[in-house]
Amino acid sequence: MGRNGMKPRGKPQQPAPPTPATRRVRADAQRNLDGLLEAAKAVFAASGVDAPVREIASRAGVGVGTFYRHFPERSDLVAAVFRREVDACAAEAAPLAAEHEPGEALVKWLERYTHFIATKRGLAAALHSGDPVFDTLPAYFRQHLEPALQSLLAAAATAGEIRADVDAYELLRAVGNLSVPDREVAAGHTQRMVALLLDGLRYGARAPSAAAPQKPTRRRR
């Protein structure tokens with residue numbers, strides 16, 4: 001003890017490095033979590049977000065107890081699946097832009113986005129249920145998907161393949177509304193409607209030569 005009854009200050013203790021057993025437990029827990037999220041994604045697509053917990057746990061190959069250790073409430077699982085799918089959808093924008101021409105990259109990403117929306121049966125109702133777990137999800141949606149789409153729109157507009165006044169968030173909402181599952185329409189309806197919407201984006205597109213100033217040519221002597 002020091003003069004003032006205080007313990008002398010020393011170097012802060014560093015946490016002990018994880019042992020092989022600890023790392024194994026963490027790896028197992030992460031595999032269980034990943035398996036539950038993948039299983040929930042598939043079950044939600046087939047049966048909606050109100051599907052039985054046992055069905056999800058069984059598909060993931062874990063017990064119900066493991067399920068509830070990761071997700072004490074169903075809303076926790078729904079929110080986790082939503083964020084995971086938003087992240088995956090947003091992450092595809094850059095590879096598509098690198099592999100395809102701007103217009104084609106935009107089309108392929110919107111196709112991926114329509115799939116993301118169509119497989120979330122019952123999600124809209126869950127998001128408007130008043131559960132506070134869902135309060136941050138609309139902002140999460142915009143913060144990740146809007147910049148991803150905006151980058152593709154800007155590239156396509158610069159290439160002269162679409163008009164330059166398209167708002168990314170408005171397009172996300174429009175395509176989302178077209179992608180809501182409806183049992184009364186024939187298969188392929190959403191794809192046809194989104195294709196029609198894309199045709200509208202091409203109306204008024206400016207050719208690249210008009211969109212960007214041309215470089216001056218050198219005069220021959």
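This passage describes the packing of helices α6 and α8 and the nonpolar core in a predicted model.

Helix α6 spans residues 102–118, and helix α8 spans residues 137–158. The two helices pack at an angle of about 155°, with axes 8 Å apart. Because angles over 145 degrees count as roughly antiparallel, α6 is roughly antiparallel to α8. The crossing of the pair is left-handed.

Residues from both helices build the contact. On α6, Pro 102, Gly 103, Ala 105, Leu 106, Trp 109, Leu 110, Tyr 113 and Phe 116 take part. They meet Phe 141, Leu 145, Ala 148, Leu 149, Leu 152, Leu 153, Ala 155 and Ala 156 on α8. Of these contact residues, 15 are nonpolar and one is polar. None is charged.

The largest nonpolar core holds 53 residues. Its largest share, 10 residues, comes from α8. Those with the most contacts inside the core are Ile 56, Leu 77, Trp 109, Tyr 113, Leu 145 and Leu 149. Among them, Trp 109 and Tyr 113 lie in α6, while Leu 145 and Leu 149 lie in α8. Beyond its neighbours within four places in sequence, Leu 145 is in contact with Trp 109, Tyr 113 and Phe 116. The contacts of Leu 145 also include Val 86, Cys 89, Ala 90 and Leu 172. In soluble globular proteins, nonpolar side chains tend to be buried together.

Helix α6 also carries Arg 112. Arg 112 counts as buried, because its relative accessibility is 14% and the cut-off for burial is under 20%. Outside its neighbours within four places in sequence, Arg 112 is in contact with Glu 85, Ala 88, Cys 89 and Glu 92. Cys 89 is thus listed among the contacts of Arg 112 and among those of Leu 145.

Notes
Residues numbered from 1 in each chain as written. Predicted model: local features only at pLDDT ≥ 70, side-chain atom pairs only at ≥ 80, totals over all residues. Heavy atoms only, no water. Axes fitted to C-alpha atoms, helices over the stretch in contact; angles between N-to-C directions. Helix = DSSP H or I, 4+ residues; strand = E, 2+ residues; numbered from the N terminus. Parallel < 35°, antiparallel > 145°, perpendicular 65-115°, else oblique. Left-handed = near helix turned anticlockwise from the far one by under 90°. Contact = heavy atoms within 4.5 Å. Nonpolar A, V, L, I, M, F, W, Y, C, P; charged D, E, K, R; others polar. Buried < 20%, exposed > 50% of the residue type's maximum accessible area, 1.4 Å probe, protein only. Core = buried A, V, L, I, M, F, W, Y, C linked by side-chain atoms within 4.5 Å.
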